[in-house]
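The exercises below ask you to work through a protein model and to justify each step from the coordinates. Have the sequence and the structure open before you begin.

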Amino acid sequence: MLKTLMTAAALSLAATTGAFAQEVTAGTYDVEGTNLDGSAYSGTATIALESDTTCSITWETGGTTSHGICMLYDDAFAAGYVLQDAVGLVVYKVKGNGVLEGGWTITGKTGSGTETLTLKK
């Protein structure tokens, strides 16, 4: 089921793919975010490009590791991910200069959190 959900999300985004106005750089990013309860967290995320529009992403935050698949569409950057037994979704706006700002949610939980990725120089 997890694979089906992630595939459906990727196909949904792919069906609307247009011109790509922004770029996301492969590398390691600093992560600053808020959990669903509003508490803060930090860590790192590593993005590995698979094509001009798709990538893999790994987050290391709060002592946990999660892995996902990601996609760039115009100035939106989205990732489906797995954290323990739950599936999550994060959508970022590509701000330029190596900064991605967005929000996330995860199955079985109410609400959404925020997250900013900043490329390490």
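Four exercises follow, each with a worked solution.

**Exercise 1.** State what the mean pLDDT of the protein is, and find where pLDDT stays under 50.

*Solution.* The model is a predicted one, and confidence is therefore the starting point. The mean pLDDT of the protein is 86, with 83% of the residues reaching 70 or more. Next, scanning along the chain shows that residues 4-20 stay under 50, and for this stretch the model has 17 contacts beyond four places in sequence.

**Exercise 2.** Locate the disulfide, give its handedness, and decide whether Cys 55 and Cys 70 are buried or exposed.

*Solution.* The search gives one disulfide, formed by Cys 55 and Cys 70, whose sulfur atoms lie 1.9 Å apart. The torsion about their S-S bond is about -140°, so the disulfide is left-handed. Turning to the strands, Cys 55 belongs to β3 and Cys 70 to β4, so the pair ties together parts that are 15 residues apart in sequence. Finally, the cut-off for buried is under 20% relative accessible area; Cys 55, at 4%, counts as buried, and so does Cys 70, at 2%.

**Exercise 3.** Determine how many salt bridges there are, and which parts of the chain each one ties together.

*Solution.* The count is two salt bridges.

- In one of them, Lys 120 pairs with Asp 30, the closest N and O atoms being 3.5 Å apart. Lys 120 lies in the segment after β8 (113-119) and Asp 30 in strand β1 (residues 27-34), so parts that are 90 residues apart in sequence are tied together. Lys 120 is partly exposed at 42% relative accessible area, and Asp 30 is partly exposed at 34%.
- The other joins the side chains of Lys 93 and Asp 75, at 3.9 Å from N to O. Because Lys 93 lies in strand β6 (residues 86-96) and Asp 75 in the loop between β4 (64-73) and β5 (76-83), this pair ties together parts that are 18 residues apart in sequence. Lys 93 is partly exposed at 43%, as is Asp 75 at 29%.

**Exercise 4.** Describe the largest nonpolar core, and identify which strand supplies the largest share of this core.

*Solution.* The largest nonpolar core has 23 residues, and those with the most contacts inside it are Trp 59, Phe 77, Leu 100 and Leu 117. Assigning the core residues to strands, one finds that β1, β2 (40-49), β3 (54-61), β4, β5, β6, β7 (99-106) and β8 each supply at least two. The largest share, four residues, comes from β6.

Terms used. Residues numbered from 1 in each chain as written. Predicted model: local features only at pLDDT ≥ 70, side-chain atom pairs only at ≥ 80, totals over all residues. Heavy atoms only, no water. pLDDT = per-residue confidence, 0-100. Contact = heavy atoms within 4.5 Å. Salt bridge = Lys/Arg side-chain N within 4 Å of Asp/Glu carboxyl O. Buried < 20%, exposed > 50% of the residue type's maximum accessible area, 1.4 Å probe, protein only. Core = buried A, V, L, I, M, F, W, Y, C linked by side-chain atoms within 4.5 Å. Disulfide = S-S within 2.5 Å.
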